[in-house]
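Take a look at the two chains below. The walk goes from each chain to the place where they touch.

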Amino acid sequence: MGLTAGVPACIGGFRTAPANSARPGSAQQLRHLSATCRFSPIWYVSGVPRSALAHDASVARTIRFPADLRDRITTDADRCGRSFEGQVIALLRSHYGEDVDIAPNPADILAFAKASLADIPSVDADVIVGKLKSVER
Amino acid sequence: MASTPVLLDTDTLSELSRGNPIVSARARAYLIEFGRLTVTAVTVFERLRGYRQAIRDGKPYQRQMLAFEVLAHNCLVLPFDDVAADVAATIWASCSRSQRQNLGDILIGAVAVARQIPLVTRNKKAFAMLAKLSGVDLHLLDWTKPTRHLAR
């Protein structure tokens, strides 16, 4: 599957360099990634010399995804109204500190909703969720 | 499922927070389709003032308020802007003195009208009356009523 991305990355169980500790795509960052990946990479770069990555932040490259990961990204992309590539780039931007709109898991949203009134007696909950009323002048 | 985004009234969000199974099922299906719930800044204000007042009165609800803040952060929160203010003034001027007391309903209904987005509320009757009196175009839905699809 083809993908144009600015930064090679590992996600899911990999430690990466702290933001801004190395220029994205720099040889320093690539060495760091290589040294800290504890498992076989989920994403990998092929066919692009590292020297090219260090100088060109928008080079096209091929990234291969396991089928189940690809399906999960596709589902999220559909939910967020993005293309597959757009969703991957949004995830990378979010990971590297940019404010990107990534739709959270529906179960998490529902859990937060329930937690917002959990363990509150109904008499107090009724007050907390009370609607705005005004007194006529 | 829903083909357009909808706006949740405060009471529908409250039903979700209380764990209403029908509302939760509708919300889950909506989230799968649209990714985020949509509420107004008025609803966020209504809930936050409730927590803040309770905490000020010595109630230990900081954890629940934090959960709500995270929930709101993950929602699309529509502001009460100048267009909504204009609509709200129209609705308010059309209402009786007793109806004007429901200021939250007027403000939230005005945002829905200004954004031309259906409003999901448990209190369709009151909102329908506001719309009828003022002549605004307000489309209403109720998630507390089970649908055939979700009732299975």
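Helices and strands here are DSSP runs, with at least four residues for a helix and at least two for a strand, numbered from the N terminus. In those terms, chain A runs β-α-α-β-α-α-α-α from its N terminus. That is six helices and two strands. The model is a predicted one.

Stay with chain A for a moment. It has 137 residues, and 14% of them count as buried. Take its contacts with a separation of 6 or more: residues 24 or more positions apart account for 45% of them. Helix α3(A) is a good check on geometry. Its 14 residues should span 20 Å at 1.5 Å a residue, and because its end C-alpha atoms are 20 Å apart, the two figures agree. Just after α3(A) comes Gly81(A), with a positive phi of about 70°.

Now turn to chain B. Its elements, from the N terminus on, run β-α-α-β-α-α-β-α-α-α-β-α-β-α. The tally is nine helices and five strands. Chain B has 152 residues, of which buried residues make up 41%. Among its contacts between residues at least 6 apart in sequence, 68% join residues at least 24 apart.

Where do the chains meet? In total, 25 residues of chain A are in contact with 35 residues of chain B. On the chain A side, α3 (67-80), α5 (106-115) and α6 (122-128) each supply at least two residues. The largest share, seven residues, comes from α5(A). By class, this side of chain A has 16 nonpolar, three polar and six charged residues.

Follow α5(A) across to chain B. Its axis and that of helix α4 (residues 62-73) of chain B come within 8 Å and cross at roughly 145°. The crossing of α5(A) and α4(B) is left-handed. From α5(A), the contact draws on Ile109(A), Phe112(A), Ala113(A) and Ala115(A); from α4(B), it draws on Gln64(B), Ala67(B), Val70(B) and Leu71(B). Seven of the residues in this contact are nonpolar, one is polar and none is charged.

Next, α6(A). Ile128(A) lies in this helix. Is Ile128(A) buried or exposed? It has 25 C-beta neighbours inside 10 Å, and therefore counts as buried. The cut-off for buried is 20 or more. Leaving aside neighbours within four places in sequence, Ile128(A) is in contact with Ile120(A) in its own chain and with Arg47(B), Gly50(B), Tyr51(B) and Ala54(B) across the interface. Back along chain A, Leu117(A) is eleven residues from Ile128(A), and their C-alpha atoms are separated by 8.8 Å.

Those partners of Ile128(A) in chain B lead to helix α3(B). This helix covers residues 41-56, 16 residues in all, and reaches 22 Å from its first C-alpha to its last, close to the 22 Å expected at 1.5 Å a residue. Its buried residues are Val42(B), Thr43(B), Val44(B), Glu46(B), Arg47(B), Gly50(B), Tyr51(B) and Ala54(B). What covers them? The cover includes α6 of chain A, along with α1 (10-17), β2 (38-40), α4, β3 (76-78) and α7 of chain B. After α3(B) comes Gly58(B), whose phi is positive, near 95°.

One of those covering elements, α7(B), holds Gly104(B). Gly104(B) counts as buried because it has 21 C-beta neighbours inside 10 Å. Leaving aside neighbours within four places in sequence, its contacts come from both chains: Lys131(A) and Leu132(A), then Thr10(B), Val42(B) and Glu46(B). Glu46(B) is 58 residues from Gly104(B) in sequence, yet the two are 8.1 Å apart, C-alpha to C-alpha.

Helix α7(B) also leads into the nonpolar core. The largest such core has 50 residues, and Leu7(B), Leu71(B), Ala110(B) and Val111(B) have the most contacts inside it. Helix α7 (residues 103-115) of chain B gives the largest share of this core, seven residues. Which residues does Val111(B) touch? Beyond its neighbours within four places in sequence, Val111(B) is in contact with Leu7(B), Thr40(B), Val42(B), Leu78(B), Phe80(B) and Ala84(B). Leu71(B) ties the story together: it is among the residues with the most contacts inside the core, and it is also part of the contact between α5(A) and α4(B).

Key: Residues numbered from 1 in each chain as written. Chains lettered and ligands numbered in written order. Predicted model: local features only at pLDDT ≥ 70, side-chain atom pairs only at ≥ 80, totals over all residues. Contact = placed C-beta atoms within 7 Å. Nonpolar A, V, L, I, M, F, W, Y, C, P; charged D, E, K, R; others polar. Axes fitted to C-alpha atoms, helices over the stretch in contact; angles between N-to-C directions. Left-handed = near helix turned anticlockwise from the far one by under 90°. Core = buried A, V, L, I, M, F, W, Y, C linked by C-beta atoms within 7 Å. Buried ≥ 20, exposed ≤ 12 C-beta atoms within 10 Å, placed from the backbone. Expected span 1.5 Å × (residues − 1).
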